[in-house]
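The following exercises invite the reader to examine a protein model step by step. Each task is followed by a worked solution.

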Amino acid sequence: MINSSNLKSGELDPLLPFILINILDDLAPFLVYLFNRSLAEGHLPASQKQSIVFPTLKKPNLDPNTCLNYRPISHLSFLSKTLERLALQLIPYLEQMGLLLPIQSGIRAHHSTETALLSLLSQIYMAIDHSHLSLLALFDVSSAFDMVDHEILLQCLQLSCGISNSPLLWFKSYLSDHTQIILGDSRSKWARVRLGYHRAVA
């Protein structure tokens, strides 16, 4: 997994990823132990719960003086991103247990806004073929992922998905006490994150 990772680095990396790759044979046993212990004990160290956020214009032609024209790009440390990829083993479990709706397109391989649109159009055309009435209601939530309440998310994982014990503790640890700074023309102070989805964007 590390060999296939993007080797971008940032100031949160005490050891540059390309150096880590060069000595990976020596570090691999330690990293395997570190990652397995984190997942088994349901604990993520505070050092791996920090992120640096860069505001980026959604489109080059937008007004840079308007806050709504920006989207946050969150950068985590290389090891934190690697551990996050390991935690995404949850997705195959959710799919195998039938806990994801067949039409759910987010966070899934081979599912995108394009496949969601094709599925929607297919359903509309089928309804037309059967002389049925189609009604489409759209609800646009601006920055929806930025508004994810962590307690509600943890309850959904436990009650709807059957996640418990160490895996649930790990996600609780991952979502709690997460801190970030924002870099732009200046640097903000470290602040605790209470809402949002912390997935890093490469």
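Rings of Phe, Tyr and Trp (its six-membered ring) pair if their centres lie within 6.5 Å; planes under 30 degrees apart count as stacked, over 60 as edge-to-face and the rest as tilted. This is a predicted model, in which local features need pLDDT of at least 70 and side-chain atom pairs count only at pLDDT 80 or more, while totals for chains, interfaces and linings use all residues. Residues are numbered from 1 along each chain as its sequence is written, and side-chain values use heavy atoms, with hydrogens and water left out.

**Exercise 1. Determine how many aromatic pairs the whole structure holds, and classify them.**

Step 1. The search of the whole structure yields two aromatic pairs. The ring centres of Trp-170 and Phe-171 are 5.4 Å apart and their planes stand at 90°, so this pair is edge-to-face.

Step 2. For Trp-170 and Tyr-174 the centres are 5.3 Å apart and the planes are at 10°, so this pair is stacked. Trp-170 and Tyr-174 are separated by about one helical turn, because they lie four residues apart in helix α7 (residues 165-175). Helices (H or I, at least four residues) and strands (E, at least two) are DSSP runs, numbered from the N terminus.

Step 3. Trp-170, Phe-171 and Tyr-174 thus make up one aromatic cluster.

**Exercise 2. Decide whether Trp-170 is buried or exposed, and do likewise for Phe-171 and Tyr-174.**

Step 1. Buried means under 20% relative accessible area, exposed over 50%, and partly exposed in between (1.4 Å probe, protein chains only).

Step 2. Trp-170 has a relative accessible area of 3% and is therefore buried. Tyr-174, at 7%, is buried, and Phe-171, at 17%, also counts as buried.

**Exercise 3. Check the length of helix α5 (residues 113-129) and describe Leu-121.**

Step 1. The expected span of a helix is 1.5 Å times one less than its number of residues. For the 17 residues of α5 this gives 24 Å, and the end C-alpha atoms are 24 Å apart, so the two values agree.

Step 2. Leu-121 is located in α5. Its relative accessible area is 31%, so Leu-121 is partly exposed.

Step 3. Just after α5, Ser-131 adopts a positive phi of about 60°.

**Exercise 4. Identify the sense in which strands β1 and β3 pair.**

Step 1. Two strands pair if DSSP finds at least two bridges between them.

Step 2. Strand β1 (residues 50-57) and strand β3 (residues 179-182) are joined by four bridges in the parallel sense. Val-53 has Ile-182 in β3 as its bridge partner.
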